[in-house]
Amino acid sequence: MNRTPEPELMESPSQVKAYAGADFSKSDSMVVEGLEKYLKKVGKTLHKDHVILDVACGPGNISERIATNWPFVKVVGIDGSKEMLKQAEKKLCKSFIKNLTYELIEINSIATGEKHFPLKADVLVSNSALHHFHDPYRFWDALKKIGNKKCIHFHRDLIRPTSIEKAFELKEKLLATSPEILKNDFYASLKASFTVDEVNHQLVNSGLFQLEVFQVDELYFEIIGYI
Ligand SMILES: C[S@@+](CC[C@H](N)C(=O)[O-])C[C@H]1O[C@@H](n2cnc3c(N)ncnc32)[C@H](O)[C@@H]1O
């Protein structure tokens with residue numbers, strides 16, 4: 001199946017409300033657990049001067065988990081959607097988390113050099129972000145600009161199914177009881193996603209040879225490594 005890009009930013013209030021209200025806890029926890037496992041594997045210990053950026057953080061579910069797991073590290077969630085960050089800030093206000101902030105920033109503008117992001121990350125994390133980019137090289141270019149030397153990367157995203165029928169089947173199977181708006185979003189995301197081979201090409205063409213793509217299951221891949 002060919003790729004059909006979807007709108008990059010998630011800005012419609014009803015779409016954002018449905019996304020923020022959905023339960024992605026199983027997948028979200030896998031990001032934190034996977035990152036923790038990788039840090040252990042490469043013997044990297046995080047300390048208070050380190051910065052973790054959650055790229056395209058959406059409503060901040062994963063940013064909060066990261067900030068709670070590493071309470072002494074500065075965690076910043078970035079997203080280009082005001083509506084998403086409104087949800088994220090609302091949740092953060094009700095929590096006791098002190099080491100997390102959010103920044104409204106459109107990530108293509110970092111890649112093109114139009115915007116300068118003032119922080120350098122020691123760890124870059126993203127979930128369900130890459131597939132939103134119409135030009136995936138903008139995503140990788142932005143990450144190269146905001147990562148410190150030896151920056152750890154941990155990215156997780158959907159794999160594009162082989163056919164439209166398969167995408168439809170996955171939507172109906174996995175989101176059977178979800179609101180229609182969430183089902184449509186998921187379907188659009190599946191069609192906008194990349195294959196493992198495509199991501200491998202992107203990494204090679206971007207000079208990010210040190211990052212590796214692993215297929216986790218039928219639905220997800222993870223891109224892990226340090227540069
Ligand atoms: C599917 S959501 C994922 C949110 C979060 N990472 C999570 O897993 O819950 C994708 C997010 O990427 C953001 N996004 C997409 N393109 C972007 C861009 N060019 N700049 C900044 N944010 C972007 C959207 O606004 C949306 O919040």
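Colleague: Why is Y187 called buried in this predicted model?

Modeller: The relative accessible area of Y187 is 17%, and buried means under 20%, so Y187 counts as buried.

Colleague: Y187 forms an aromatic pair with F168; what makes that pair edge-to-face?

Modeller: The ring centres of F168 and Y187 lie 6.0 Å apart, with 85° between the planes; because pairing needs centres within 6.5 Å and edge-to-face needs planes over 60 degrees apart, both conditions are met. The pair links distant parts of the chain, F168 being in helix α7 and Y187 in helix α8, 19 residues apart.

Colleague: Why is F168 called partly exposed?

Modeller: Its relative accessibility is 41%, and partly exposed covers values between 20% and 50%, so F168 belongs in that class.

Colleague: How do you know that the charged end of K171 sits over the ring of Y187?

Modeller: The charged end of K171 is 5.2 Å from the centre of the Y187 ring, where the distance criterion is within 6 Å; the criterion also asks for a position within 35 degrees of the ring normal, and K171 is listed as sitting over the ring.

Colleague: What makes the pair of F133 and F139 tilted?

Modeller: The structure holds four aromatic pairs, and in the one formed by F133 and F139 the planes stand at 55°, with 5.2 Å centre to centre; stacked requires under 30 degrees and edge-to-face over 60, so this pair is tilted.

Colleague: Why are F133 and F139 both called buried?

Modeller: F133 has a relative accessible area of 5% and F139 has a relative accessibility of 0%, so each falls under the 20% limit.

Definitions and conventions. Residues are numbered from 1 along each chain as its sequence is written. This is a predicted model: local features need pLDDT of at least 70, side-chain atom pairs count only at pLDDT 80 or more; totals for chains, interfaces and linings use all residues. Side-chain values use heavy atoms; hydrogens and water are left out. Buried means under 20% relative accessible area, exposed over 50%, partly exposed in between (1.4 Å probe, protein chains only). Helices (H or I, at least four residues) and strands (E, at least two) are DSSP runs, numbered from the N terminus.
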